[in-house]
Amino acid sequence: MTDGEQGARDAEGTGTFVRLAQQGHVRSAEAVAADFNMPWAYALAEARAESLDGRLFGRKPSGQGGNGTAGRRIQLPAGENSFQKALSEAHANSFKTGKFHNVRAKTQNHFFTITAELACRRVFTYVALPVAQNKDTRVAGEILTVSRPRVKVWLTFEKNTENLRMKLCIIGTGYVGLVSAACFAEMGNTVTCIDVNAAVVEKLNAGSVHIFEPGLEEMVQRGRADGRLRFTTNLADGLAGADCAFICVGTPSLPDGSCNLDYVRGVARDIGRSMQTNLIVVDKSTVPVGTADMVRGLIEEELAARQCGLAATVVSNPEFLKEGAALADFIKPDRVVVGTDSDRAATVMRELYAPFARTRDKILVMTPRSAEMTKYAANCMLATKISFINEIAAICERVGADVRDVRAGIGSDTRIGYQFIYPGLGYGGSCFPKDVKALIHTAAEAGVEPLLLNAVEAVNFRQKQSMALRIEEYFAPQGGVRGKTLALWGLAFKANTDDMREAASISIISHLTDRGMKVRAFDPVAGENARRIFKENRLVEIVNGQYDVCDGAQALLVATEWNQFRNPDFERVKSLLTSPLFFDGRNLYSPAAMAERGFAYFCVGRKTV
Ligand SMILES: NC(=O)c1ccc[n+]([C@@H]2O[C@H](COP(=O)([O-])OP(=O)(O)OC[C@H]3O[C@@H](n4cnc5c(N)ncnc54)[C@H](O)[C@@H]3O)[C@@H](O)[C@H]2O)c1
């Protein structure tokens, strides 16, 4: 038979199969399972047409029987992770007939669903599809296409999450609170968010989000539309019937570097005054060791004053998300740290986080103190890596080495790794600076001299000043920076966020404007926040156009690594600046290429051209 004849026959065969299916001769796996009254069955979708054996596939099935018993029975094991086990068993079983492709998971209407495409070879007349159903789980299959010798089917595994749903109250709707709330609601929980800032609550209730975080607004809107996410300023309302209350308020630095726990204390007391049922109180804010005990003490004081006989269990559950990638970090966390001495609280937290830990067990249960310390240790380790590479970059500049090559050279060692060793303008943001300070404070209070952490902070301070000093030095022979204009790209402390807390741009702008330089700055999303920060500084202008800032400026500095700065129109930049002078605080470009483009180019830890 030629290929053409074979193709024509396949087409005819497929058409025949589809007609037979339409006439009801090809039955779904569910129908077959129902016939056999098998609640847990590995049933067969049958192409029950005499003519099919002869005409469609040209031969009879061998070794498979033909009486509807070929499928292997599959039992969904009981207990934790039964769903995953069932899936892997079904997966292993599929090797008999074919392989799964396009495995996808989603949550909708209280069902956690995995769909997979099974392309079966050698299936002839019988396609084995797993079917199972009870109130918690549905497993179903559907024939999609038939094209000899392959049959494509969709297998749908659904886990009803309704009975796992919880009612949550999230207190503080900033980066951590709002992201947590949206993600918990996405997984079917009912979440009420509380914030003392009425304007923020009003905005959220109007369907928009007050912070920039990719994908967050859409997720919040989904949660609101499904009635699983709501916002209020009324704590008692949010606590009514809640299983858990999450504390997600800010914990900024006090002038002495210690952590300001005023907001946490205030919330703890408010919870004690308002709760009407026993409650698990989860501390997600980053707080010093011992805070869970303090929160429990404050709640107990309020409960005792009310003589209501209620009790609260306090859990430490620090958050590790990164702004700019917060949703992905929350949905697929590296780990979920749960600090508790209560078995019941640990079980509740396991259930709550189960949808975020499907691939492996990610829940690390430890004491509250260890959990609190883990968060500080993680952030301080990351800050240490940043200060380390920045110090190496400073040495590279003096000794004629290139930090880009050095980074590649050390990052390839798996003990070191490539992450968090990008030289730049120093760490900023709402976490690292205050958390390093807070741990220094904790160490000192505990009688440990924090030699390393002090150095990490000192290096970071120097690094944040470094570009401003370099600009000052450059203009010194030309009468200094006074009266000159610097164009600035990037104000946020890093890309993909509008957060300007402790941003390097603030140190640089303040240093240069204190010395009389004008700064004209652009950021894709942080402009509004910057306007608020610099509203008293007449030398700062926040401009909406990336290239407009360059017009008539003496130099351009890149301070944030936004994608849109990675490959700009250099000719346009050159034509707008009064001289082709480029300071790159993020090492986005190659010194050789910048020299070719005709720029005087300064970057971090690499050759100046
Ligand atoms: N931002 C991050 O990337 C990040 C990551 C991990 C951990 N953390 C930690 O999480 C905590 C929160 O950080 P954030 O960045 O989300 O803060 P944020 O400043 O963005 O938000 C805090 C919110 O809490 C609200 N609030 C203050 N007091 C309140 C009260 N009594 N009742 C209700 N709401 C109140 C504020 O109005 C604000 O909206 C901090 O401890 C921080 O260190 C932050």
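Q: At about what angle does helix 17 run to strand 16?
A: This is a predicted model, where local features need pLDDT of at least 70, side-chain atom pairs count only at pLDDT 80 or more, and totals for chains, interfaces and linings use all residues. Numbering starts from 1 along each chain as its sequence is written. Helices (H or I, at least four residues) and strands (E, at least two) are DSSP runs numbered from the N terminus, and angles go from 0 to 180 degrees between N-to-C directions of axes fitted to C-alpha atoms, for helices over the stretch in contact. Helix 17 lies across strand 15 (485-489), strand 16 (518-522) and strand 17, and its angle to strand 16 is about 155 degrees.

Q: Which strands are the edge strands of the open sheet with the order 17-16-15-18-19-20?
A: That open sheet has six strands with parallel pairing, and a pair needs at least two DSSP bridges. On average, neighbouring strands are turned by 20 degrees against each other, direction ignored. The edges pair on one side only, and they are strand 17 (540-542) and strand 20 (600-602).

Q: In strand 20, which residue is the bridge partner of F582?
A: Strand 19 (residues 581-584) pairs with strand 20 in the parallel sense, over three bridges. Within strand 20, the partner of F582 is Y601.

Q: How far apart are the axes of helix 16 and helix 17?
A: Helix 16 (residues 451-475) packs on helix 17 (residues 504-514) at about 35 degrees. The contact (C-beta atoms, placed from the backbone, within 7 Å) involves K464, Q465, M467, A468 and I471 of helix 16 and A504, S507, I508, H511 and L512 of helix 17. The axes of these two helices are separated by 8 Å.

Q: Is C244 buried or exposed?
A: C244 sits in strand 10 (residues 244-247) and touches M166, L168, I280, V282 and V348, leaving aside residues up to four places away in sequence. The scale runs on other C-beta atoms within 10 Å, again placed from the backbone: 20 or more is buried, 12 or fewer exposed, in between partly exposed. Because C244 has 22 C-beta neighbours inside 10 Å, it counts as buried.

Q: What distance separates the C-alpha atoms of C244 and C169?
A: Along the chain, C244 and C169 are 75 residues apart. In space, their C-alpha atoms are separated by 6.4 Å.

Q: In strand 9, which residue is the bridge partner of C193?
A: Strand 8 (residues 190-194) and strand 9 run parallel, joined by four bridges. The partner of C193 in strand 9 is F231.

Definitions and conventions: Contact = placed C-beta atoms within 7 Å.
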